[in-house]
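Please explain how this chain is put together, going through its parts one at a time. Give the reasoning where there is some.

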Amino acid sequence: MTISDWLDKKEAEGIDVSQIELPADLVRNEDPEETVYFKTIPCSILCTRNHPFSTVERFGHWYYGRGQDKKAGIHTTGMEWRFITKNKDLAIKTAKSHIE
């Protein structure tokens with residue numbers, strides 16, 4: 001089963017999928033068809049520590065936005081977010097609002 005099929009099934013069951021956590025096995029076994037937005041706030045190009053980021057990836061007709069909010073700060077954990085929608089513009093707007 002693909003991520004898109006799984007989300008369609010959950011939506012058909014009447015579940016609000018906008019904040020749902022995707023099953024780890026589906027995420028691990030499927031690459032996005034497209035990354036439509038990505039931005040990070042690094043402190044240097046060689047740093048491997050945590051940095052705020054936002055990304056939107058497309059799986060079929062679904063857009064999966066996720067990241068760590070800019071307010072969390074560099075080299076911290078927490079303030080992770082996710083948002084799932086069929087609306088590309090809304091997904092990108094949401095991702096930008098967490099990083100800009």
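Is His-75 buried, partly exposed or exposed? In this predicted model, His-75 has a relative accessible area of 29%, and it counts as partly exposed because buried means under 20% and exposed means over 50%. His-75 belongs to the loop between strand 3 and strand 4. Its phi is near 70°, a positive value in a residue other than glycine. Met-79 is also placed in the loop between strand 3 and strand 4. Its phi is near 60°, again positive in a residue that is not glycine. With a relative accessible area of 44%, Met-79 is partly exposed.

Next comes helix 3, which runs over residues 88-99. Its twelve residues reach 17 Å from the first C-alpha to the last, close to the 16 Å expected at 1.5 Å a residue. The buried residues in helix 3 are Ala-91, Ile-92, Thr-94, Ala-95, His-98 and Ile-99. They cover an arc of only 160° around the axis, and therefore lie on the same side of helix 3. The general background is that an α-helix has 3.6 residues a turn, so residues three or four places apart point the same way. On the other side of helix 3, Asp-89, Lys-93 and Ser-97 are exposed. The cover over the buried residues of helix 3 includes strand 1 (34-40), strand 2 (53-59), strand 3 and strand 4.

One residue of strand 2 is Phe-53. Its relative accessibility is 23%, which means that Phe-53 counts as partly exposed. Setting aside neighbours within four places in sequence, Phe-53 is in contact with Phe-38, Lys-39, Thr-40, Arg-66, Gly-67, Gln-68, Trp-81 and Ile-99. Among these contacts is Ile-99, one of the buried residues of helix 3. Another is Arg-66; Phe-53 and Arg-66 are 13 residues apart in sequence, with 8.2 Å between their C-alpha atoms.

Phe-53 also helps to line the largest pocket. About 190 Å³ of space lies in that pocket. Its lining consists of Glu-21, Leu-22, Ala-24, Val-27, Phe-53, Tyr-64, Arg-66, Gly-67, Gln-68, Glu-80, Trp-81 and Arg-82. Which elements each supply at least two residues of this lining? They are helix 2 (24-29), strand 3 (62-68) and strand 4 (80-85). Strand 3 gives the largest share, four residues. Sorted by class, the lining of the largest pocket has six nonpolar, two polar and four charged residues. Arg-66, Gly-67, Gln-68 and Trp-81 are lining residues, and they are also among the contacts of Phe-53.

The last stop is Val-17, in the loop between helix 1 (3-12) and helix 2. Is Val-17 buried or exposed? Val-17 has a relative accessible area of 6% and is buried, because the cut-off for buried is under 20%. Not counting residues up to four places away in sequence, Val-17 touches Leu-7, Lys-10, Glu-11, Trp-62 and Ile-84. Leu-7 is ten residues from Val-17 along the chain, and their C-alpha atoms are separated by 6.9 Å.

Terms used: Residues are numbered from 1 along each chain as its sequence is written. This is a predicted model: local features need pLDDT of at least 70, side-chain atom pairs count only at pLDDT 80 or more; totals for chains, interfaces and linings use all residues. Side-chain values use heavy atoms; hydrogens and water are left out. On a 1 Å grid over the protein atoms alone, a cavity is a set of points where a 1.4 Å probe fits but cannot get out, and a pocket is an open set with protein on both sides within 12 Å along at least five of seven lines; lining residues have an atom within 4 Å of a point. Grid points are joined across faces, edges and corners, and a volume is the space filled by probe spheres set on the points. Ala, Val, Leu, Ile, Met, Phe, Trp, Tyr, Cys and Pro count as nonpolar, Asp, Glu, Lys and Arg as charged, and the others, Gly among them, as polar. The expected span of a helix is 1.5 Å times one less than its number of residues. Buried means under 20% relative accessible area, exposed over 50%, partly exposed in between (1.4 Å probe, protein chains only). The arc is that of the directions from the helix axis to the C-beta atoms. Contact means heavy atoms within 4.5 Å.
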